[in-house]
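Colleague: I'm new to this structure and would like a close look at one part of it. Could you take me through the loop between the two strands and what sits around that loop, and then show me how the rest of the chain fits in?

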Amino acid sequence: MKLANAFSLLTDLRIAVQVAIVPTLTSILRNPTLLFRPYELSRVFMANVWAVFGDGVDTGGKEVKEGLITPNAYGVVLDIGAGHGHTVRYLDRARVGHYVALEPNELMHQHIRAQANAAGYHESDGMWPAGKYVPQTREEPEDSVGSWVKGQMPVEDEDILVYVTVGTTHIPRPEDWPVMPVEHLTVSFKPNSFFKANPSMDVPGTKDPLSVNAFGPNAEGQACCK
Ligand SMILES: C[S@@+](CC[C@H](N)C(=O)[O-])C[C@H]1O[C@@H](n2cnc3c(N)ncnc32)[C@H](O)[C@@H]1O
């Protein structure tokens with residue numbers, strides 16, 4: 001790093017302290033316990049710095065970001081250290097399906113949401129990698145197969161379409177290289193509580209003369225195995 005650049009960092013730091021010191025002191029006056037929570041205090045300080053600098057820094061880097069991000073970002077974008085989420089502005093909505101922001105400073109989150117929503121990304125699009133709900137969600141969500149079943153919707157003569165979505169965690173093995181074998185997945189549907197017992201228990205055997213119908217129109221009206 002050139003000496004001049006090193007000194008410019010000090011200048012930036014001085015300006016950052018200048019812009020953030022008053023609102024940060026105000027926060028301390030309102031909530032003195034911040035003095036004993038240095039991590040929280042640093043978040044308040046940085047939120048105040050970024051509230052002043054965020055837009056300007058973004059405008060300064062606009063040309064570079066447009067050249068680097070817009071043509072190259074596609075699929076799912078993970079924005080690490082999202083700040084106010086300015087990066088989402090440079091995503092092509094047609095090429096980037098999901099925008100995931102990782103930002104440890106919660107005070108920035110409302111700005112990220114606003115930027116993302118303005119760019120057409122919403123939490124309702126799917127907040128978790130596995131879909132709408134985090135894996136192993138404790139409560140049964142309203143919008144789930146279990147709730148649909150409780151709804152007692154008629155199923156007779158209805159075309160029921162079920163999509164099975166499965167995510168596998170691939171734990172690589174030496175055998176997976178250079179060509180990974182196919183991962184086989186089998187799904188079977190079995191009736192559960194459709195009947196009180198297996199209906200075949202009431203079918204008379206063809207070879208056993210002592211076996212007779214116990215129920216129905218042809219029932220012998222007596223115990224089947226005298
Ligand atoms: C200078 S801001 C940049 C914001 C944004 N990337 C932009 O270009 O507008 C850096 C951000 O990174 C966050 N950050 C700091 N340490 C981090 C870490 N270990 N992991 C993820 N984010 C971090 C800070 O809270 C801050 O909001």
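Modeller: Happy to. This is a predicted model, so let's start with confidence: the mean pLDDT of the protein is 83, and 89% of its residues reach 70 or more. Among the elements, helix H3 (residues 109–118) has the highest mean pLDDT, 96, while helix H4 (residues 145–150) has the lowest, 72. Where pLDDT is low, the predicted coordinates should not be read in detail.

Now for the layout. There are 4 helices and 2 strands, and from the N terminus on they run α-α-β-β-α-α. The protein has 226 residues, and 11% of them count as buried.

On to your loop. Glycine 85 sits in the loop between strand S1 (75–80) and strand S2 (96–102). Is glycine 85 buried or exposed? A residue counts as buried when 20 or more other C-beta atoms lie within 10 Å of its own. Glycine 85 has 25 of them within 10 Å, so it is buried. Who are its partners? Setting aside neighbours within four places in sequence, glycine 85 is in contact with Ala101, His111, Ile112, Gln115 and Ala116. Take glutamine 115 from that list: it is 30 residues away from glycine 85 in sequence, yet their C-alpha atoms are 6.0 Å apart in space.

There's a ligand to look at too. Its surroundings include 13 residues, and Ile80, Gly81, Gly83, His86 and Asn105 come nearest. By type, that shell divides into 6 nonpolar, 5 polar and 2 charged residues.

Next, have a look at leucine 102, which is placed in strand S2. Here the count goes the other way: a residue with 12 or fewer such neighbours is exposed, and leucine 102 has 10 C-beta neighbours inside 10 Å, so it counts as exposed. Leucine 102 still has contacts, though. Leaving out residues up to four places away in sequence, it touches Leu78, Asp79, Ile80 and Ala82. With aspartate 79, the C-alpha atoms are separated by 5.9 Å, although the two residues are 23 apart along the chain. For the protein as a whole, 42% of the contacts between residues at least 6 apart in sequence join residues at least 24 apart.

Stepping back along the chain, you come to helix H2 (residues 38–68). Its 31 residues would reach 45 Å in a straight helix at 1.5 Å a residue, but the end C-alpha atoms are only 36 Å apart. Where does H2 bend? At lysine 62, by about 60 degrees. Val44, Ala47, Asn48, Val49 and Trp50 are buried in this helix.

Finally, go to the segment after H4, where you'll find proline 178 and serine 193. Most residues other than glycine have a negative phi, and most peptide bonds are trans. The peptide bond from tryptophan 177 to proline 178, however, is cis, with omega near 5 degrees. Serine 193 isn't a glycine, but it has a positive phi of about 70 degrees. With 5 other C-beta atoms within 10 Å, serine 193 is exposed, whereas glycine 85, back in your loop, is buried.

Notes. Residues are numbered from 1 along each chain as its sequence is written. This is a predicted model: local features need pLDDT of at least 70, side-chain atom pairs count only at pLDDT 80 or more; totals for chains, interfaces and linings use all residues. Two residues are in contact if their C-beta atoms, placed from the backbone, lie within 7 Å. A residue is near a molecule or strand if its C-beta atom, placed from the backbone, lies within 6 Å of it. Ala, Val, Leu, Ile, Met, Phe, Trp, Tyr, Cys and Pro count as nonpolar, Asp, Glu, Lys and Arg as charged, and the others, Gly among them, as polar. pLDDT is the predictor's confidence in each residue, from 0 to 100. The expected span of a helix is 1.5 Å times one less than its number of residues. The bend at a residue is the angle between axes fitted to the seven residues ending there and the seven starting there.
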